[in-house]
Amino acid sequence: GGKKPAPGKVATPQTTRVIPDTAYSLEKHKSADADVRFEGKRVMTEKLPIDDMSAHLFLRKGVPTLAPLNFGVADGKVVSDITLDGTKPVIASRADVRVQSLQLGKLLPRLNISKASAGEMDGRVKLAGHGNSVAAMLGSASGDTSLVVGEGEVSDLLLRLSNLDLANTLLILMRGDRNIPIRCMVADLAWNDGVVQPRRFIVDTQHTTLLGEGSANFHDETLDMRLVAKPKGKSLVSLRGPIDVGGTFAN
């Protein structure tokens, strides 16, 4: 048998990669020039429908630029400028992405938030990387990400479990779960050569403040994160974390 995870640990076995690592063809980039504009009211994708898509692709001498690449998704809007410089053997990439009023519950339906609302997200992502695939670009990316989520609601049971709050967890299980107001969520993330670390990650709710620490490595697709809960009240029996989450993105 395998090792049992330490208390507060989430066991996550190794599996395959999830970020696409198929290489782009540099020769195709260099062999053609193009100036293409696209407008689409509704574009169906495998995961989410995209509305009001607007794109301008300009390709000249191995340098494709998408400026802009805009689309509506999850009741919000994504506005971006992307450049892939393929004049050298390794593509140099730059991306400036602005996120406006995305609904997290619709963006991440697999979270199964049920009756709770995850709030509305705004933010900006500015990254520069190098590599001939999406995986290589993200695995070498440096830059900044800032995200803010406004008011919403989250499961009381989920918050109690995040703090290993045993006494109140039992009370909730007996009386039934309820939603707790989220006052705000702020994520200020630094990217350094494919490793993302929070300068500040805070989820502030009615009775608990959650702080995120650690890192996510996009080079080898691994997580080393900690969730620290700061309760605003007292509980009869609590084990004050932190809870560590480690393993691969795929798990």
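Guide: Two strands are taken to pair if DSSP finds at least two bridges between them. The model discussed here is predicted.

Visitor: Which residue in the turn of the β4 and β5 hairpin has a positive phi?

Guide: Strand β4 covers residues 63–73, and strand β5 covers residues 76–85. The two strands run antiparallel and are joined by seven bridges, which meets the requirement of at least two bridges for pairing. They form a hairpin with two residues between them, and the residue in the turn with a positive phi, about 50 degrees, is Ala74.

Visitor: What is the bridge partner of Leu69 in β5?

Guide: Leu69 falls within the span of β4, residues 63–73, and β4 is joined to β5, residues 76–85, in antiparallel fashion. The partner of Leu69 on β5 is Ser80.

Visitor: How many bridges join β3 to β4, and which residue of β4 is the partner of Phe58?

Guide: Strand β3 spans residues 49–60 and runs antiparallel to β4, with the two strands joined by seven bridges. Within this pairing, the β4 residue that partners Phe58 is Thr65.

Visitor: Which residue in the hairpin of β3 and β4 takes a positive phi?

Guide: Strand β3 ends at residue 60 and β4 begins at residue 63, and the hairpin has two residues between the strands. The residue there with a positive phi, near 55 degrees, is Lys61.

Visitor: What percentage of the residues of the chain count as buried?

Guide: The chain has five helices and 14 strands, and buried means under 20% relative accessible area. Of its 251 residues, the share that counts as buried is 37%.

Definitions and conventions
Residues are numbered from 1 along each chain as its sequence is written. This is a predicted model: local features need pLDDT of at least 70, side-chain atom pairs count only at pLDDT 80 or more; totals for chains, interfaces and linings use all residues. Side-chain values use heavy atoms; hydrogens and water are left out. Helices (H or I, at least four residues) and strands (E, at least two) are DSSP runs, numbered from the N terminus. Buried means under 20% relative accessible area, exposed over 50%, partly exposed in between (1.4 Å probe, protein chains only).
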